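Visitor: Could you take me through one part of this protein in detail, and then show me how it compares with other places in the chain? I would like each technical term explained as it appears.

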Amino acid sequence: MNAATLEGIWKSYDSFKMEDVNFSIRKGYITGLIGPNGAGKSTLIRMIMQMVKPDQGHVELFGSKLEHEATGMRERIGYVSDENVFYDHLTLKRMTNILAPFYRNWEADTFRDYLERFELPENKKIKDLSKGMKMKFSLAVALSHSAELLIMDEPTAGLDPVFRRELLDLLADQLQDEQRSILFSSHITSDLDRIADYIVFVNQGKLIFDETKDEVLERHVLVKGGKELLDPDIRPLFAGLRESGVGFEGLMTDRTRAERIFGSLALIEQPTLEEIVYFTVKGKGGFVRV
């Protein structure tokens, strides 16, 4: 059973349209959600969180459609937002006293352990916290009520490099019993290079792929070579292309085909997730560097 499944999702706003998006968050794995600003990532998260309803299609959580047992499902989700969702004028202690009764499985001892681990002072007001400290508090709450699905929207934004590494290790630890699942939306794709099992890539409201990270990295290649290789038959084979006065870099989605066409004529490398996003979003237009 998947932690969440989105099937045939359509959603229209004045300046944005999502078309027939389908993907799953597999139980016991970390799914990375990637794409540029405005791609639809936040809309998809809000649908899973029951903040937005699709115009067409449906969302399932833990095997049940959201129109059934929706209230009980919320307790099974731990949500870490990229925005401050707490009352700024309250201390952490007072805010915790408001939040805890909403969860039947609230684990006070676990929460206190996280406060100590994250060095969060209970008597400090939320408005006086840095963005990173607010994120740590949100994470402590999300991890302290036996949530089966963690939904994390830019959780490493604003965190120092040391805690970012600690957070990634912490998230990996959460999956040891194979009962929890994580959806991790991030612009810092190097974090997903490190810990993600599956990658969901959306762009302009459309699903580009939903695959294991290993499949994505194995399938895509970055080709670098001289401009003389870019004849009219070759250009359409690239998912994205960047040109300079003397050469090019291009992303292809078929490693075997790239090796057969270019062989030793060009440099063929494994791209990072960041490069896959960049070249796919950029497309085939190319630009000339000066």
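Guide: Let us begin with a pair of charged residues: Arg242 and Glu249 are both buried, a word used here for a relative accessible area under 20%, with exposed meaning over 50% and partly exposed lying in between (1.4 Å probe, protein chains only). The model is predicted, so local features need a pLDDT of at least 70 and side-chain atom pairs a pLDDT of 80 or more, while totals for chains, interfaces and linings use all residues. Residues are numbered from 1 along each chain as its sequence is written, and side-chain values use heavy atoms, with hydrogens and water left out.

The side chains of Arg242 and Glu249 join in a salt bridge, with 2.1 Å from N to O; the term denotes a side-chain nitrogen of Lys or Arg within 4 Å of a carboxyl oxygen of Asp or Glu. Side chains of opposite charge can pair when their charged atoms come close. This pair belongs to a network of salt bridges that links Lys224, Arg242, Glu249 and Glu269.

The surroundings of this network deserve the next look. An open sheet of four strands has the order E12-E13-E11-E14, and the pairing is antiparallel. Strands (E, at least two residues) and helices (H or I, at least four) are DSSP runs numbered from the N terminus, and two strands pair if DSSP finds at least two bridges between them. Strand E12 (240-243) and strand E14 (267-269) form the edges, each pairing on one side only. On average, neighbouring strands of this sheet are turned by 15° against each other, direction ignored. The angles, which run from 0 to 180 degrees, lie between the N-to-C directions of lines fitted to C-alpha atoms, for helices over the stretch in contact.

E12 and strand E13 (residues 247-252) are joined by four bridges in the antiparallel sense; within E13, Phe248 is the bridge partner of Glu243. Two helices pack on the sheet. Helix H9 (residues 255-262) touches strand E11 (221-226), E13 and E14, and its direction makes about 20° with that of E11. Helix H10 (residues 273-282) touches E11, E12 and E13, and its direction makes about 90° with that of E12.

Gly225 is a residue of strand E11. With a relative accessible area of 19%, Gly225 is buried. Leaving aside neighbours within four places in sequence, Gly225 is in contact (heavy atoms within 4.5 Å) with Gly247, Phe248 and Ala266. The C-alpha atoms of Gly225 and Gly250 are separated by 8.9 Å, and these two glycines are 25 residues apart along the chain.

Salt bridges also occur elsewhere, and the count comes to 14. Glu211 forms one with Arg219, the closest N and O atoms being 2.4 Å apart. Glu211 counts as buried at 18% relative accessibility, whereas Arg219, at 27%, counts as partly exposed. Asp210 forms a salt bridge with Arg26, where the closest N and O atoms are 2.8 Å apart. Asp210 lies in strand E10 (residues 206-212) and Arg26 in the loop between strand E2 (17-25) and E3, so the pair ties together parts that are 184 residues apart in sequence.

What of a buried charge without such a partner? Glu154, in the loop between strand E7 (149-153) and helix H6 (161-174), is buried yet has no salt bridge. Lys41, the nearest side chain of opposite charge, is 5.5 Å away; Lys and Arg count as positive and Asp and Glu as negative, with His and the chain ends not counted. Not counting residues up to four places away in sequence, Glu154 touches Asp82, Met135, Ser185, Ser186 and His187.

Strand E3 (residues 30-34) offers a further view, for five of its five residues are buried. Ile30, Gly32 and Ile34 point one way from E3, while Thr31 and Leu33 point the other way. E3 runs parallel to strand E8 (residues 181-185), to which four bridges join it, and Thr31 has Leu183 as its bridge partner in E8. With strand E9 (residues 198-203), E3 pairs in the parallel sense over four bridges; there Ile34 stands opposite Phe201.
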